[in-house]
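Dear colleague,

I am passing on the structure we spoke about, and below it you will find my notes on what came out of going through it. Please read them with the structure open beside you.

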Amino acid sequence: GKDPTVKIEKLKQKLSVKADILYLGKSEDSVEKRMHQHIEFWNGKSIAAWGGRSIAQIKNFEDLEVWYLPCNNPKEMETALLREFEGQYKQLPLANWRH
């Protein structure tokens, strides 16, 4: 029942950083299952994929590339990658709002 739209002003502020990475996430499930959840969310279904809600507001988001890195501890890897990104760009990626 919540509106997943992110205000344009917030997106523009985060887009001021010119990074190729828009979102860093983790999944305890398969990558295919997690991507399917995001796609369903982007198509208006009520799915727990709020982390990618900003992605759906990007023109031609369907053309974005998805990369993944298999690892033994997804949460630890996500935290490390977010810290590294934040250290370099002084903010989180466009579609990440907290870690």
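The secondary structure of the protein consists of three helices and zero strands, so that, read from the N terminus, the order of elements is α-α-α. Please keep in mind throughout that this is a predicted model. With a radius of gyration of 13 Å, close to the 13 Å that the globule rule gives for 99 residues, the protein is as compact as a globular protein of that length. Along the principal axes, its C-alpha atoms fill a box of roughly 30 × 30 × 25 Å.

As for how the chain is packed, 28% of the 99 residues are buried, and among the contacts with a separation of 6 or more, 63% are made by residues 24 or more positions apart. The accessible surface of the protein amounts to about 7,600 Å², and carbon and sulfur atoms hold 51% of that surface. On the side of charge, there are 16 positive and 14 negative side chains, with the centres of the two sets lying 8 Å apart.

The interior

The largest nonpolar core has nine residues, namely V6, L11, L22, F41, W42, I55, F61, L94 and A95. Another core, of six residues, lies apart from it and includes L24, L82, F85 and L92. L22, a member of the largest core, is in contact with I55, I58, L64, P93, L94, A95 and N96, once its neighbours within four places in sequence are left aside.

That list leads on to N96, which is placed in the segment after α3, the helix that spans 74-89. Is N96 buried or exposed? Its relative accessible area is 4%, which lies under the 20% limit, and N96 therefore counts as buried. Not counting residues up to four places away in sequence, N96 touches K14, L22, Y23, L24 and L82. Of these partners, L22 belongs to the largest core, whereas L24 and L82 are among the residues of the other one.

Two residues with positive phi

Most residues other than glycine have a negative phi, and with that in mind you may want to look at two places in the chain. N60, although it is not a glycine, has a positive phi of about 60 degrees; N60 sits in the loop between α2 (31-42) and α3, and with a relative accessibility of 45% it counts as partly exposed. K90, which is likewise not a glycine, has a positive phi of about 65 degrees; K90 is placed in the segment after α3, and at 68% relative accessibility it counts as exposed.

Positions along the chain and in space

V17 is found in the loop between α1 (8-15) and α2. Although V17 and Y89 are 72 residues apart along the chain, their C-alpha atoms are separated by 6.9 Å, and V17 is in contact with Y89 and Q91 when its neighbours within four places in sequence are left aside.

E78 and K7, by comparison, are 71 residues apart along the chain, and their C-alpha atoms are separated by 25 Å. E78 itself lies in helix α3 and counts as buried, with a relative accessibility of 13%. Which residues is E78 in contact with, leaving aside its neighbours within four places in sequence? They are L24, G25 and K26, and L24 is the residue already mentioned as part of the six-residue core.

Two further pairs have shorter stretches of chain between them. M35, in helix α2, is partly exposed at 22% relative accessibility, and its contacts, again leaving aside neighbours within four places in sequence, are with W42 and V66; of these two, W42 is a member of the largest nonpolar core. The C-alpha atoms of M35 and G52, 17 residues apart along the chain, are separated by 9.9 Å. N43, in the loop between α2 and α3, is exposed, with a relative accessible area of 60%, and N43 and A56, 13 residues apart in sequence, are 8.6 Å apart in space from C-alpha to C-alpha.

With best regards

Note on methods: Residues numbered from 1 in each chain as written. Predicted model: local features only at pLDDT ≥ 70, side-chain atom pairs only at ≥ 80, totals over all residues. Heavy atoms only, no water. Helix = DSSP H or I, 4+ residues; strand = E, 2+ residues; numbered from the N terminus. Buried < 20%, exposed > 50% of the residue type's maximum accessible area, 1.4 Å probe, protein only. Contact = heavy atoms within 4.5 Å. Rg over C-alpha atoms; globule rule 2.2 N^0.38 Å. Areas by Shrake-Rupley, 256 points an atom, 1.4 Å probe, with all protein chains shown as cover. Lys, Arg positive; Asp, Glu negative; His and termini not counted. Charge placed at Lys NZ, Arg CZ, Asp CG, Glu CD. Core = buried A, V, L, I, M, F, W, Y, C linked by side-chain atoms within 4.5 Å.
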